[in-house]
Amino acid sequence: MNSYQALSAYYDRFTEDVGYEAWADFFEALFRREGMEPKLVLDLACGTGSLTKLLAGRGYEMIGVDASPEMLMQAMENTLDCVKRPLFLNQRMEELDLYGTIDVCLCCLDSVNYVTDPDALQKAFERVHLFLEPKTGLFVFDINTPEQFARLDGNSYVREDEDVFCVWQAAVEDGLCAYQFDIFAREGECWSRAQETHEERVYTVEALTAMLAKAGFAEIKTYGGQAFSPVRGGESRIYFTARKRD
């Protein structure tokens, strides 16, 4: 199970190196490349809302959806100063239910891998397709590649600052990568410990392309980097785009 009950409070500290500005620049370059000027954008699996806030600041009307109530609480706090506040919804991807259509759905930072049940992911793709604007709607997401999971397997990583220490270990077996998190937080003179286990599924480009096509998407494209380089093999992350063509 992917729970953020403990990790949500420290997530932004541990992801300071993500480079959300670069992600936002990439998405806007992608919109221009696709000849789009979207207004309403869905940030699916928005987490603590870092990207949601950035895009709201650039003038987009934003909806953020996440399965974790704890992460959404952080997202709501992080966006209090937005002139146009994003709408946040507590939903699982496969249960996506919006009030109308959207121009673009973004799902970044390998959130697709976190849907470990392929049937649930197929349903999620179908729900995204349903709520995209007919003929013009764009779906964008990225994945950790099988090669990246092979590099993670068996390794341990540490993040720390003055009052919190986190160590996590990755292990891949039977197509699933399990991350074991141990979080130690200072509380006065004492330290508390919390543990969480997250899982990601290893998906191939071929499998995801077939799932997108089954969900009704067309013009499915893949990129090996944010400079729109072709996929050559060995990448850590691959980016997908797909259009809704009714």
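**Figure 1. The accessible surface of the protein chain in this predicted model amounts to about 11,800 Å².** Carbon and sulfur atoms contribute 49% of that accessible surface. Of the 246 residues in the protein chain, 48% are buried. Among the charged side chains, 24 are positive and 42 are negative, and the centres of these two sets are 8 Å apart.

**Figure 2. The protein chain contains 7 helices and 11 strands.** Taken along the principal axes, the box filled by the C-alpha atoms is roughly 60 × 45 × 30 Å. The radius of gyration of the protein chain is 18 Å, which agrees with the value near 18 Å that a compact globule of 246 residues would have. When contacts with a separation of 6 or more are considered, 66% of them in the protein chain join residues that are 24 or more positions apart.

**Figure 3. Helix H4 spans residues 69-78 and has Met 71, Leu 72 and Ala 75 as buried residues.** Seen down the axis of H4, these buried residues fall within an arc of 100°, and they therefore line one face of the helix.

**Figure 4. Val 83 lies in the loop between H4 and strand E3, the latter formed by residues 87-90.** The relative accessible area of Val 83 is 88%, and because exposed means over 50%, this residue counts as exposed. Although Val 83 and Gly 57 are 26 residues apart along the chain, their C-alpha atoms are separated by 7.7 Å.

**Figure 5. Helix H7, made up of residues 205-215, has four residues to follow in this view, namely the buried Leu 208, Met 211, Leu 212 and Ala 215.** Seen down the axis of H7, the buried residues fall within an arc of 100°, so they line one face of this helix. On the other side of H7, by contrast, Glu 206 and Lys 214 are exposed.

**Figure 6. The surroundings of H7 include one helix and several strands, against which the buried residues of H7 pack.** The helix is H5, at residues 118-131, while the strands are E5 at 138-144, E10 at 217-223 and E11 at 237-244. After H7 comes Gly 216, a residue whose phi is positive, near 110°. A reader tracing this part of the predicted model can thus begin with the buried residues Leu 208, Met 211, Leu 212 and Ala 215 of H7, and then look to H5, E5, E10 and E11, against which the buried residues of H7 pack.

Conventions:
Residues numbered from 1 in each chain as written. Predicted model: local features only at pLDDT ≥ 70, side-chain atom pairs only at ≥ 80, totals over all residues. Heavy atoms only, no water. Helix = DSSP H or I, 4+ residues; strand = E, 2+ residues; numbered from the N terminus. Rg over C-alpha atoms; globule rule 2.2 N^0.38 Å. Buried < 20%, exposed > 50% of the residue type's maximum accessible area, 1.4 Å probe, protein only. Contact = heavy atoms within 4.5 Å. Areas by Shrake-Rupley, 256 points an atom, 1.4 Å probe, with all protein chains shown as cover. Lys, Arg positive; Asp, Glu negative; His and termini not counted. Charge placed at Lys NZ, Arg CZ, Asp CG, Glu CD. Arc of directions from axis to C-beta.
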